[in-house]
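Please look at the sequence and the fold together before reading on. The paragraphs below move from charged pairs to the nonpolar core, and then to cysteines, cavities and backbone.

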Amino acid sequence: MAKAKVVIKRDRCKGCELCISVCPKHILAIDDTEVNVNGYHAVTITKEEECIACASCGIMCPDGAINIYRVE
């Protein structure tokens with residue numbers, strides 16, 4: 001069972017990959033299949049069930065595009 005719910009505001013993401021670099025579980029990736037309204041390939045979560053809710057991605061995101069909610 002997932003420990004967190006990760007909400008990615010795709011239209012705010014610029015695909016800088018900073019969140020990917022700090023994720024200790026390596027469960028974030030750039031979505032190469034589509035672009036957001038600004039023309040960027042946004043980040044996506046690949047295995048949400050493995051998220052440990054550390055919030056490193058949300059803290060690192062310069063655009064505030066990632067919110068992490070703990071799930072009990």
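A good place to begin is the salt bridge in which the side chains of Lys14 and Asp63 meet, with 3.4 Å from N to O; a salt bridge here is a side-chain nitrogen of Lys or Arg within 4 Å of a carboxyl oxygen of Asp or Glu. Lys14 belongs to the loop between E1 and H1, and Asp63 to the loop between H2 and strand E4 (66-70), so this pair ties together parts that are 49 residues apart in sequence. Helices (H or I, at least four residues) and strands (E, at least two) are DSSP runs, numbered from the N terminus. Lys14 itself is partly exposed, at 43% relative accessibility, where buried means under 20% relative accessible area, exposed over 50%, and partly exposed in between (1.4 Å probe, protein chains only).

All of this describes a predicted model, in which local features need pLDDT of at least 70 and side-chain atom pairs count only at pLDDT 80 or more, whereas totals for chains, interfaces and linings use all residues. Residues are numbered from 1 along each chain as its sequence is written, and side-chain values use heavy atoms, with hydrogens and water left out.

How many salt bridges does the rule give? The count comes to four. One of them joins the side chains of Asp31 and Arg10 at 3.3 Å, N to O. Because Asp31 lies in the loop between strand E2 (28-30) and E3, while Arg10 lies in the loop between E1 and helix H1 (18-22), the pair ties together parts that are 21 residues apart in sequence. The two partners fall in separate accessibility classes: Asp31 counts as buried at 13%, and Arg10 as partly exposed at 24%. Salt bridges that share partners join Arg10, Asp31 and Glu34 into one network.

The side chains of Glu48 and Lys5 also meet in a salt bridge, at 3.9 Å from N to O. Here Glu48 sits in the loop between strand E3 (43-45) and helix H2 (56-60) and Lys5 in strand E1 (residues 4-8), so the pair ties together parts that are 43 residues apart in sequence. Glu48 is partly exposed, with a relative accessible area of 21%, and Lys5 is partly exposed as well, at 43%.

From the charged pairs we can turn to the nonpolar side chains. In soluble globular proteins, nonpolar side chains tend to be buried together. In this model the largest nonpolar core has 17 residues, and those with the most contacts inside it are Val6, Ile8, Cys19, Leu28, Val43, Ile45 and Ile66; such a core is a set of buried Ala, Val, Leu, Ile, Met, Phe, Trp, Tyr and Cys residues joined through side-chain atoms within 4.5 Å. E1 and E3 each supply at least two residues of this core, and E1 gives the most, with three residues.

The cysteines deserve a closer look. A search of the whole structure finds zero disulfides, a disulfide being a pair of cysteine sulfur atoms within 2.5 Å. For Cys16, the nearest cysteine sulfur is that of Cys61, 6.1 Å away, and Cys16 is partly exposed, with a relative accessible area of 41%. Why does Cys19 form no bond with Cys16? The sulfur of Cys19 is 6.2 Å from that of Cys16, its closest cysteine sulfur, which is too far for a bond. Cys19, at 7% relative accessibility, counts as buried.

Cysteines also appear around the enclosed spaces. The search finds two cavities of 30 Å³ or more; on a 1 Å grid over the protein atoms alone, a cavity is a set of points where a 1.4 Å probe fits but cannot get out, and lining residues have an atom within 4 Å of a point. The largest holds about 110 Å³ of space, a volume being the space filled by probe spheres set on the points, which are joined across faces, edges and corners. It is lined by 15 residues, of which Cys23, Ile27, Cys51, Cys54 and Cys57 lie nearest its centre. The second largest cavity has a volume of about 80 Å³, and of its 14 lining residues the closest to its centre are Cys13, Gly15, Cys16, Cys19 and Cys61.

Finally, the backbone of the loop between E3 and H2 holds Ala53, which has a positive phi of about 60° although it is not a glycine. Ala53 counts as buried, at 5% relative accessibility. Ala55 is found in the loop between E3 and H2 too, with a positive phi near 70°, and is partly exposed at 25%.

Definitions and conventions: On a 1 Å grid over the protein atoms alone, a cavity is a set of points where a 1.4 Å probe fits but cannot get out, and a pocket is an open set with protein on both sides within 12 Å along at least five of seven lines; lining residues have an atom within 4 Å of a point.
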